[in-house]
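Me: Please take a close look at a single part of the structure shown below and describe its surroundings in one connected account. I should like the description to start from that part and then work outward to the rest of the chain.

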Amino acid sequence: MKIIIYGTVYGSSKRYAEILSKKYNMEMKSFNEIKDINIYDEIIYIGSLYAGGVLGMKKTLNKIKDLTNKKIIIATCGVADPLDAENIEAIRNNMKKQLKEEIFNIAKIYHIRGAIDYTKLSGKHKFMMKLLYKKCIKIPEEERTPDMRGLIETYDKQVDFISEDYIKELEKEV
Ligand SMILES: Cc1cc2nc3c(=O)[nH]c(=O)nc-3n(C[C@H](O)[C@H](O)[C@H](O)COP(=O)(O)O)c2cc1C
């Protein structure tokens with residue numbers, strides 16, 4: 001059985017899941033609606049990045065017991081440039097820490113770009129971003145990491161990078 005699972009707070013990952021679900025006629029669910037992950041043999045997990053973590057991924061995918069004949073595709077969704085090699089490396093290093101080694105090794109991993117609207121952020125998230133922003137702007141430009149650059153570029157704005165172009169490569173796996 002095939003499924004698209006998404007981990008979202010503000011809807012970006014869900015929007016990507018909806019595009020794929022409609023196009024390939026696949027069932028989609030939020031990670032917190034998944035009762036038994038082991039009934040699926042093909043899983044597309046689209047999870048948004050929050051402070052380097054992929055929302056819901058660890059909790060959901062690490063429950064897979066038997067990887068025989070499983071196909072696992074993971075897409076991370078964040079505001080930092082998903083085509084930047086340094087960003088990709090940082091995201092993957094974090095994913096390695098979140099996922100069981102055998103799952104990380106078989107997963108096909110992609111990186112896509114989401115959206116952020118500061119007028120809709122929760123008080124907690126606004127506060128976190130403010131602290132991070134203040135920290136980031138003190139760091140000399142050439143020393144900033146891609147996620148710091150992403151945060152500075154989008155800080156206090158409404159930006160929407162969601163585009164089917166980002167999922168073209170992933171679609172070859174579906
Ligand atoms: C508190 C917070 C932390 C974030 N951390 C990251 C991050 O580490 N890397 C990144 O690329 N984007 C980060 N973002 C941006 C979100 O990943 C981006 O807005 C994403 O599209 C949100 O997905 P959602 O709408 O599915 O919740 C962060 C946003 C917030 C509010």
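**Strand β3 and its surroundings**

Reply: In β3, E42 is the residue that serves as bridge partner to K2. The description that follows concerns a predicted model, and it takes β3, residues 42–50, as its starting point.

The pairing to which K2 and E42 belong joins β3 to strand β1, which comprises residues 2–7. These two strands run in the parallel sense and share 6 bridges. E42 also has a bridge partner in β5, namely K71. The pairing of β3 with β5 is parallel as well and is made of 7 bridges. Further along, I46 of β3 faces A75 of β5. A third partner of β3 is strand β4, residues 53–54, and here the sense is antiparallel, with 2 bridges. In that pairing Y50 is set opposite G53 of β4.

The connection between β3 and β4 deserves separate mention. The two strands make a hairpin with 2 residues between them. A51 belongs to the loop that links β3 and β4, and its phi is near 50°, a positive value in a residue that is not glycine. How enclosed is this position? A51 has 8 C-beta neighbours inside 10 Å and therefore counts as exposed, given that the limit for that class is 12 or fewer.

The strand itself presents another picture. Of the 9 residues of β3, 7 are buried, so the strand is largely enclosed by the rest of the structure. Its partner β5 is mostly covered too, with 6 of 8 residues buried. β5 in turn leads onward to strand β6, residues 108–113, through a parallel pairing of 6 bridges. One of the facing pairs there is C77 with I112 of β6.

The nonpolar interior can be followed from the same strand. The largest nonpolar core contains 28 residues, and those touching the most other members are I4, Y16, Y45, I46, M57 and A75. At least two residues of this core come from each of β1, α1, β3, α2 (57–61), β5, α3 (85–98) and β6. The largest share belongs to β3, which provides 5 residues. I46 illustrates how these elements meet: neighbours within four places in sequence aside, its contacts are I4, Y6, S13, Y16, A17, A75 and C77. Among those contacts is A75, which also stands opposite I46 in the pairing with β5.

What does β3 contribute beyond the core? It is one of the elements giving two or more residues to the shell around the ligand. The shell has 24 residues, of which T8, S12, S48, G78 and G114 come nearest to the ligand. Besides β3, the elements that supply two or more of its residues are α1 (12–24), β5 (71–78), β7 (115–117), α5 (123–137) and α6 (146–154). By residue type the shell consists of 13 nonpolar, 10 polar and 1 charged.

Two loop positions away from β3 may be set beside this account. E141 is placed in the loop between α5 and α6. With 9 C-beta neighbours inside 10 Å, E141 counts as exposed. Its C-alpha atom lies 28 Å from that of S12, a residue 129 positions away along the chain. D156 occupies the loop between α6 and β8 (158–160). Although D156 is not a glycine, its phi is positive, at about 65°. D156 is exposed, since 12 other C-beta atoms lie within 10 Å.

The chain as a whole gives the setting for these details. It contains 7 helices and 8 strands. Its radius of gyration is 16 Å, close to the 16 Å given by the globule rule for 174 residues, so the chain is as compact as a globular protein of that length. Along the principal axes, its C-alpha atoms fill a box of roughly 50 × 30 × 30 Å. Of the 174 residues, 29% count as buried. Among contacts between residues at least 6 apart in sequence, 76% join residues at least 24 apart. The facing residues K2 and E42, with which this account began, are one pair brought together across the sequence by the pairing of β1 and β3.

Note on methods: Residues are numbered from 1 along each chain as its sequence is written. This is a predicted model: local features need pLDDT of at least 70, side-chain atom pairs count only at pLDDT 80 or more; totals for chains, interfaces and linings use all residues. A residue is near a molecule or strand if its C-beta atom, placed from the backbone, lies within 6 Å of it. Helices (H or I, at least four residues) and strands (E, at least two) are DSSP runs, numbered from the N terminus. Ala, Val, Leu, Ile, Met, Phe, Trp, Tyr, Cys and Pro count as nonpolar, Asp, Glu, Lys and Arg as charged, and the others, Gly among them, as polar. A residue is buried if 20 or more other C-beta atoms lie within 10 Å of its own, exposed if 12 or fewer, and partly exposed in between; C-beta atoms are placed from the backbone. Two strands pair if DSSP finds at least two bridges between them. The radius of gyration is taken over C-alpha atoms; the globule rule is 2.2 Å times the number of residues to the power 0.38. Two residues are in contact if their C-beta atoms, placed from the backbone, lie within 7 Å. A nonpolar core is a set of buried Ala, Val, Leu, Ile, Met, Phe, Trp, Tyr and Cys residues joined through C-beta atoms within 7 Å.
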